[in-house]
Amino acid sequence: MRLKLISCEVLFREMCSELARSPHQVDVEFMPKGLHDLGGKAMAQDLQKRIDAVPAGQFDAILLGYGLCGNGLHGLEARDTMLVLPRAHDCIALLMGSREQYQRYFDEHPGTYYRSTGWLERGKGLQQLTHNTVGMDVSEADLIAKYGEDNGRYLYEQLTRYRSNYQRLTFIETGLEADTRFEEEARWEAAERGWTFEKLVGNLILVRRLIQGDWKGSDFLITQPGQRIAASYDPSIVRAEDIRRTATA
């Protein structure tokens with residue numbers, strides 16, 4: 001088969017490793033991690049443009065290297081080529097091997113912040129750009145100087161509130177790490193925030209099956225031309241729905 005892969009760059013190492021072993025011809029387009037920061041609707045609009053730019057009849061399928069990702073894939077339409085994506089809430093499930101494994105870990109370890117090599121090496125430049133836009137990279141003193149005492153303190157509290165929801169940082173090791181520097185960075189981050197650190201051995205079976213074309217069973221959604229991806233809000237995570245039927249309903 002000839003396939004087109006559109007993937008988040010957070011999975012760059014994992015995707016490239018499996019692409020090298022794929023029996024298929026796969027063209028690849030990696031998207032910036034910063035898409036997530038735009039919100040689900042804007043993210044979907046950008047991805048739809050990429051999908052629409054794929055020439056009709058050139059590929060057997062377009063693979064999406066994403067989870068649902070905060071509804072960032074909700075509403076994506078298959079035009080002339082079917083879309084294939086793993087059933088996963090986000091890329092953490094892809095790194096763990098299944099949505100079930102992710103859910104088990106989530107239930108057993110609430111308040112966990114996740115890191116991987118891709119998140120650490122690919123996110124910083126784009127994260128800095130986003131932070132510069134909304135002011136998240138500045139200190140409390142900077143915000144007070146810019147917005148006044150009350151407003152500055154309020155903004156700083158809102159921008160740093162997320163920290164209180166986490167008590168653990170889990171680094172997912174995929175076996176593709178060149179050395180220990182990203183694990184060490186994750187350990188340092190956990191220590192800085194006063195969180196428990198844990199290293200978890202990942203599983204790339206979903207990534208492998210996506211690239212290998214092994215889409216049978218319930219782990220993948222195949223969206224045919226004339227259908228769109230929709231969030232299902234149940235354990236299946238995503239479903240395919242007919243565009244014409246929903247347009248006339």
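What covers the buried residues of α10? In this predicted model, the cover includes the strands β1 (2-8), β3 (61-65), β4 (83-86) and β8 (220-223), together with the helices α1 (12-19) and α3. Helix α10 itself spans residues 205-212, and its buried residues are Leu-206, Val-207, Arg-209, Leu-210 and Ile-211. An α-helix has 3.6 residues a turn, so residues three or four places apart point the same way. Just after α10 comes Gly-213, which has a positive phi, near 85°.

It helps to step back to the whole chain. The protein has 249 residues, and 45% of them count as buried. Its secondary structure is made up of eleven helices and ten strands. Among contacts with a separation of 6 or more, 64% join residues that are 24 or more positions apart. The accessible surface amounts to about 12700 Å², with 48% of that belonging to carbon and sulfur atoms.

The interior can be approached through its nonpolar cores. The largest of these holds 54 residues, and Leu-63, Leu-64, Leu-73 and Trp-215 have the most contacts inside it. Helix α3 (residues 91-96) supplies the largest share of this core, namely six residues. Another core, of eight residues, lies apart from it, with Tyr-113, Leu-120, Leu-169 and Phe-182 among its members. Trp-215 gives a good view of the largest core. Residues up to four places away in sequence aside, Trp-215 touches Met-1, Leu-3, Ala-61, Leu-63, Met-82, Val-84, Arg-209, Leu-210, Phe-220 and Ile-222. Two of these partners, Arg-209 and Leu-210, are also listed with the buried residues of α10.

Aromatic rings offer another way into the structure, and a search of the whole of it finds six aromatic pairs. One of them joins Tyr-105 and Tyr-114 in a tilted arrangement, with 6.1 Å centre to centre and 55° between the planes. Tyr-105 has a relative accessible area of 4% and is therefore buried. Tyr-114, at 11%, is buried as well. Tyr-113 and Tyr-166 make an edge-to-face pair, 5.1 Å centre to centre with 80° between the planes. Because Tyr-113 sits in strand β5 (residues 112-115) and Tyr-166 in the loop between α8 (149-160) and β6 (168-173), this pair ties together parts that are 53 residues apart in sequence. Tyr-166 counts as partly exposed, with a relative accessibility of 25%. Ring pairs also link Tyr-102, Tyr-105 and Tyr-114 into a cluster.

Helix α9 (residues 181-193) contains Ala-190. Is Ala-190 buried or exposed? Its relative accessibility is 1%, so Ala-190 counts as buried. Beyond its neighbours within four places in sequence, Ala-190 is in contact with Leu-169, Trp-195, Thr-196 and Phe-197. One of these, Leu-169, is a member of the eight-residue core. Ala-190 and Thr-170 are 20 residues apart in sequence, and their C-alpha atoms are 8.7 Å apart in space.

Further along the chain, strand β9 (residues 227-231) is largely enclosed by the rest of the structure, because four of its five residues are buried. β9 pairs with strand β10 (residues 238-242) in the antiparallel sense, over five bridges. Within this pairing, Ile-229 has Ala-240 of β10 as its bridge partner. The two strands form a hairpin with six residues between them, and Tyr-233 in the turn has a positive phi of about 55°.

Note on methods: Residues numbered from 1 in each chain as written. Predicted model: local features only at pLDDT ≥ 70, side-chain atom pairs only at ≥ 80, totals over all residues. Heavy atoms only, no water. Core = buried A, V, L, I, M, F, W, Y, C linked by side-chain atoms within 4.5 Å. Buried < 20%, exposed > 50% of the residue type's maximum accessible area, 1.4 Å probe, protein only. Contact = heavy atoms within 4.5 Å. Areas by Shrake-Rupley, 256 points an atom, 1.4 Å probe, with all protein chains shown as cover. Phe/Tyr/Trp six-rings, centres within 6.5 Å; stacked < 30°, edge-to-face > 60°. Pairing = 2+ DSSP bridges.
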